[in-house]
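Colleague: I should like to go through the terms used for this model and learn what each one rests on. Please set every value against its definition.

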Amino acid sequence: MISCPHCGGDLPRTSRFVAGLTRKQAIVLDFLAGELLAGRLSPTLREIGAAVQTSPGRVCQLLADLDQRGYVARIPGHARSVTMTEKGWALYRPMEASDAA
């Protein structure tokens, strides 16, 4: 587990190399998963930016990339509408014994 710079809580950690994500994309995905697993609302662009130490504009691009790859879904024009897709959540599930072989 890693600590969230936003709230100090523990976050799950993606397998960045398996997922084929950049470091920043993986950090954004980790932060989003941590917020959603904690039962909080989807974070704002500014909250994500503060957590990953980048600008809201860059966060928007990172989310667009994650959306295009199928890891997150967003409703354009709606605040706090970022959510994890089934593909995104699959990165946080433990591997089955048959998957590891």
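Colleague: In which helix does Gln25 lie, and how is a helix recognised here?

Modeller: Gln25 belongs to helix α2. Helices are DSSP runs of H or I with at least four residues, strands are runs of E with at least two, and both are numbered from the N terminus. This is a predicted model, in which local features need pLDDT of at least 70 and side-chain atom pairs count only at pLDDT 80 or more, while totals for chains, interfaces and linings use all residues. Residues are numbered from 1 along each chain as its sequence is written, and side-chain values use heavy atoms, with hydrogens and water left out.

Colleague: Why is Gln25 called buried?

Modeller: Its relative accessible area is 2%. Buried means under 20%, exposed means over 50%, and partly exposed covers what is in between, with a 1.4 Å probe and protein chains only. Gln25 at 2% therefore counts as buried.

Colleague: Which residues does Gln25 touch, and what makes a pair a contact?

Modeller: Leaving aside residues up to four places away in sequence, Gln25 touches Leu62, Asp65, Leu66 and Arg69. A contact means heavy atoms within 4.5 Å.

Colleague: What makes α2 roughly perpendicular to α4?

Modeller: The axes of α2 and helix α4 (residues 56-69) come within 10 Å and cross at roughly 85°. Angles of 65 to 115 degrees count as roughly perpendicular, under 35 as roughly parallel, over 145 as roughly antiparallel, and the rest as oblique. The crossing of α2 and α4 is therefore called roughly perpendicular. Each axis is a line fitted to C-alpha atoms, for helices over the stretch in contact, and the angles run from 0 to 180 degrees between N-to-C directions.

Colleague: Which residues meet where α2 and α4 touch, and how are they classed?

Modeller: From α2 come Lys24, Gln25, Val28 and Leu29, and from α4 come Leu62, Leu63, Asp65, Leu66 and Arg69. By class, this contact has 5 nonpolar, 1 polar and 3 charged residues. Ala, Val, Leu, Ile, Met, Phe, Trp, Tyr, Cys and Pro count as nonpolar, Asp, Glu, Lys and Arg as charged, and the others, Gly among them, as polar.

Colleague: Where is Leu62 placed, and what are its partners?

Modeller: Leu62 is in helix α4. Its relative accessibility is 1%, so Leu62 counts as buried. Beyond residues up to four places away in sequence, Leu62 touches Lys24, Gln25, Val28 and Thr54. The C-alpha atoms of Leu62 and Val28 are separated by 7.8 Å, although these residues are 34 apart along the chain.

Colleague: Why is α2 called oblique to α3?

Modeller: The axes of α2 and helix α3 (residues 45-52) come within 10 Å and cross at roughly 120°. This angle falls in none of the three named ranges, so α2 is oblique to α3. The crossing of α2 past α3 is right-handed; a crossing has this name if the near helix is turned clockwise from the far one by less than a right angle, and is left-handed if anticlockwise. Lys24, Ile27, Val28 and Phe31 of α2 make the contact with Glu47, Ile48, Ala51 and Val52 of α3. It has 6 nonpolar, no polar and 2 charged residues.

Colleague: What is the relation of α3 to α4?

Modeller: The axes of α3 and α4 come within 8 Å and cross at roughly 95°. The two helices are therefore roughly perpendicular. Leu45, Arg46, Ile48, Gly49 and Val52 of α3 are in contact with Pro56, Val59, Cys60 and Leu63 of α4. The classes are 7 nonpolar, 1 polar and 1 charged.

Colleague: How do you know that Asp30 is buried, and what does its side chain contact?

Modeller: Asp30, in helix α2 (residues 23-37), has a relative accessible area of 0%, so Asp30 counts as buried. Its side chain makes a polar contact of 2.9 Å with the side chain of Tyr92. A polar contact is a pair of N or O atoms within 3.5 Å; within protein, one must be able to donate a hydrogen and the other to accept it, and residues adjacent in sequence count only if both atoms are side-chain atoms.

Colleague: Why is Gln53 called exposed?

Modeller: Gln53, in the loop between α3 and α4, has 69% relative accessibility and therefore counts as exposed. Its phi is near 55°, a positive value in a residue other than glycine.

Colleague: Is Arg80 buried, partly exposed or exposed?

Modeller: Arg80 is at 37% relative accessibility and so counts as partly exposed. This residue is found in the loop between β3 (72-73) and β4 (83-84).
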